[in-house]
Amino acid sequence: MQKKEMEKVSVLSDPVPIVICDDSRLARKQMAAALHGWNAEITFAELGQQALDAVRAQKGDILFLDLNMPIMDGYQVLEQIRKEDLPTLVIVVSGDVQPEARKRVLELGALEFIKKPCSPEIIAEVLNRYGLLTELEHPDNQLPGEEVIELPDYYQEISNIAMGQAGAMLASLLNTFVDLPIPKVTLVSPDAIDALLLSASSQGFNLVSQGFVGPELAGEALLVIKRSNLDNITWLKDLQGDVNRREAELEMFLSNVLIGAFSSSFSKQLDISLSRATPIILRNFTGMTEQNAQWQKTLMISIDYQLNTQGFHCELLVIFTADSLPKLKEMTGYFS
């Protein structure tokens, strides 16, 4: 749909059909809350294909679209909308705040780009700017109910936002585009973590470890870097000295950027403060400490950052101690 067709939406007396497409139930619920009181009929889509089907069924004159989704991401949805010339106005809402991401979605036909987390005021400002919705309230217009948000779903969403902040900082510092995946949030045992890190170490991966502590919670962030990948981006930092020194400096740089930006955004969303220890490079990982091995299953967030232009990727693992879970669960209650 071209911008000149926007008047069609703003003059409708019936509720405007809107699709909210995001693989996170929390994000869909937050967006629906931001639209509360507007003359809108909302359809939820968890996957990109569901959003396309809803638009084809004339349920989405306006589409609020996430970028980082499984199977079909937001970029692919935009490409398909353009290919089929589907009648919808797309507003991208994403945690990927890289300037290049905004540029790409606008080039693919999106009307606007809004970064997560978004507020009702921001949504209202965008809708008013383009004249998409009237301000008439419909008391009987109930927003569709959703299932109770589970812990992993909630943490995937705030992890997605934190991931976007870290990716944007890395992209800015290295002047490149960072391909952002979907964060994985799982409950894992110490044995599984131990096996994962031992396997990575034996396959030529270096580990950078940084502990963190906050109110009633603690954990460890681990950056897993393929040693052979480091040569692909070392020149970007114009580092001097022998190979081992250059590798160490680059590893510390990447850990400070990715772990620092991620933990800062994560803690800000939860309105807490996290203190971080000095990063430690683990050249030859030999296993978890005896204390950590006593954990029960606990929460782990994993993110694979990729710099496609440099053929480089690294994985960030954020692991909370088992006794941090009650505090994390308590904090989720403020968002229900």
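A residue is called buried here when its relative accessible area is under 20%, exposed when that area is over 50%, and partly exposed in between (1.4 Å probe, protein chains only). By this criterion, Leu89, Ile91 and Val93 point one way from strand 4 and are buried, and Val90, Val92 and Ser94, which point the other way, are buried too. Strand 4 is therefore largely enclosed by the rest of the structure, with six of its six residues buried. Helices (H or I, at least four residues) and strands (E, at least two) are DSSP runs numbered from the N terminus.

The model is a predicted one, in which local features need pLDDT of at least 70 and side-chain atom pairs count only at pLDDT 80 or more, while totals for chains, interfaces and linings use all residues. Residues are numbered from 1 along each chain as its sequence is written, and side-chain values use heavy atoms, leaving out hydrogens and water.

It helps to look at confidence next. The mean pLDDT (the predictor's confidence in each residue, from 0 to 100) of the protein chain is 77, and 77% of its residues reach 70 or more. Among the elements, helix 3 (residues 48-56) has the highest mean pLDDT, 96, and helix 1 (residues 7-10) the lowest, 34. Over residues 1-13 the pLDDT stays under 50, and the model has 22 contacts (heavy atoms within 4.5 Å) beyond four places in sequence for this stretch. Residues 134-152 also have pLDDT below 50, with 31 contacts in the model beyond near neighbours in sequence.

Turning to the sheet, five strands form an open arrangement in the order 2-1-3-4-5, with parallel pairing; two strands count as paired if DSSP finds at least two bridges between them. Strand 2 (40-45) and strand 5 stand at the edges with a single partner strand each, so one side of each is left without a neighbour in the sheet.

Strand 4 (residues 89-94) pairs with strand 5 (residues 112-115) in the parallel sense over four bridges. Here Ile91 stands opposite Glu112, Val92 has Phe113 as its bridge partner, and Val93 is matched with Ile114. Four bridges also join strand 4 to strand 3 (residues 62-65), again running parallel, and Leu65 stands opposite Val92.

Helices link these strands. Strand 3, helix 4 (residues 74-84) and strand 4 make a right-handed β-α-β unit, as do strand 4, helix 5 (residues 99-107) and strand 5. A crossover is right-handed if, with the strands pointing away from the viewer, the path from the first strand over the helix to the second runs clockwise.
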